[in-house]
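Open your viewer and get ready to click along with this tour. Each stop says what to select and what you will find there.

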Amino acid sequence: MKSQSINFDARENTTGVDDLFIQRWSPRAFEKTSIDDATLTRILEAARWSPSCFNAQPWRIYTSTEESFDDCLNLLVEGNQSWAKDNAVIGFIVAEKNFEHNGKPNSFAPFDCGAAWMSLTLQARLEGLYTHGMGGIKVEEVAQYLNIDTEQSEVVMGFTIGKLADLSQLSDEQQANETPNSRKPLTEIWRKV
Ligand SMILES: Cc1cc2nc3c(=O)[nH]c(=O)nc-3n(C[C@H](O)[C@H](O)[C@H](O)COP(=O)(O)O)c2cc1C
């Protein structure tokens with residue numbers, strides 16, 4: 001799955017965790033392609049099987065079509081538009097705020113959307129594609145465009161799905177920016193209590 005020119009120096013696999021986790025990253029250099037419906041369906045199906053509090057499945061996932069792509073691109077902040085334009089799909093994840101079974105607020109809804117996001121991201125990787133999550137979206141305009149009732153639902157994030165560009169075709173500076181980043185050490189985020 002590792003591609004020729006990606007520099008994974010900052011991501012040494014010291015524990016034997018599956019490379020799927022380490023080699024998922026968020027590029028900005030995409031090459032325009034389309035994603036066939038069966039592939040996109042598998043990516044969304046992965047999200048569908050995510051776990052959620054009370055099995056409420058509060059995620060609602062919207063993806064652009066060829067016709068709506070430019071509209072969706074305009075719903076991103078400018079900095080994100082500059083690289084997102086070369087993706088195949090732009091998506092938005094919306095959380096249902098209340099539990100269906102009792103109408104009470106579901107404080108775990110955005111958290112569960114995160115699980116769905118990661119599932120679809122990993123399936124995209126397994127399909128040879130990359131995703132890039134985005135907080136930088138015009139939330140109110142997204143809600144309007146998707147016809148979301150903001151009393152009931154909350155726009156959580158945007159994302160793209162696309163094909164990684166051939167990095168060897170980028171300038172040195174661009175290539176340096178297209179390098180997977182690192183993480184805090186496990187000792188900082190994990191305590192046995
Ligand atoms: C919820 C969320 C919001 C993000 N927002 C943006 C964004 O608006 N623009 C951007 O370029 N990257 C954005 N990112 C990408 C993160 O910067 C990136 O995931 C993080 O630096 C870790 O790098 P990696 O995904 O390459 O491992 C976002 C990621 C997530 C999960």
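Start by selecting Ala95, which stands opposite Glu154 in strand S5. Helices (H or I, at least four residues) and strands (E, at least two) are DSSP runs, numbered from the N terminus. Before going on, note that this is a predicted model, in which local features need pLDDT of at least 70 and side-chain atom pairs count only at pLDDT 80 or more, while totals for chains, interfaces and linings use all residues. Residues are numbered from 1 along each chain as its sequence is written.

**Stop 1: the partners of S5**

Now show S3 and S5 together: they pair in the antiparallel sense over eight bridges. Strands pair here if DSSP finds at least two bridges between them. Next, add S4, which is joined to S5 by five bridges and also runs antiparallel to it. Within this pair, pick Tyr130 and look across to Gly162 in S5. Then add strand S1 (residues 30–31), which has two bridges to S5, again antiparallel. Phe30 is the residue to click, with Leu164 of S5 opposite.

Stay with S4 for a moment. Because four of its five residues are buried, S4 is largely enclosed by the rest of the structure. Buried has a cut-off: 20 or more other C-beta atoms lie within 10 Å of the residue's own, whereas exposed means 12 or fewer and partly exposed is in between, with C-beta atoms placed from the backbone.

**Stop 2: helix H5**

Select residues 109–126, which form H5. How far apart are the end C-alpha atoms of H5? They are 26 Å apart, which agrees with the 26 Å that its 18 residues should span at 1.5 Å a residue; the expected span is 1.5 Å times one less than the number of residues. Colour the buried residues of H5, among them Ala109, Cys113, Ala116, Trp117 and Leu120. They pack against H2, strand S2 (59–63), S3, S4 and S5. Just after H5 comes Gly128, with a positive phi near 80 degrees.

**Stop 3: the largest nonpolar core**

Which members of the 30-residue core touch the most other members? Select Ile93, Cys113, Ala116, Trp117, Val156 and Ile161. A nonpolar core is a set of buried Ala, Val, Leu, Ile, Met, Phe, Trp, Tyr and Cys residues joined through C-beta atoms within 7 Å. Then centre on Ile93: setting aside neighbours within four places in sequence, it is in contact (C-beta atoms, placed from the backbone, within 7 Å) with Trp59, Ile61, Cys113, Ala116, Trp117, Val156 and Met157.

**Stop 4: around the ligand**

Show the ligand and the residues surrounding it, including Trp25, Ser26, Asn80, Met157 and Asn181. A residue counts as near a molecule if its C-beta atom, placed from the backbone, lies within 6 Å of it. This shell has four nonpolar, six polar and no charged residues. Ala, Val, Leu, Ile, Met, Phe, Trp, Tyr, Cys and Pro count as nonpolar, Asp, Glu, Lys and Arg as charged, and the others, Gly among them, as polar.

**Stop 5: out to the exposed residues**

Click Asn55 in the loop between H2 and S2. Its phi is positive, near 50 degrees, in a residue other than glycine. Is Asn55 buried or exposed? Asn55 counts as exposed because it has 8 C-beta neighbours inside 10 Å.

Finish at Asn147, in the loop between H6 and S5. Asn147 is not a glycine either, yet has a positive phi of about 60 degrees. With 6 C-beta neighbours inside 10 Å, Asn147 is exposed.

Note on methods: Contact = placed C-beta atoms within 7 Å.
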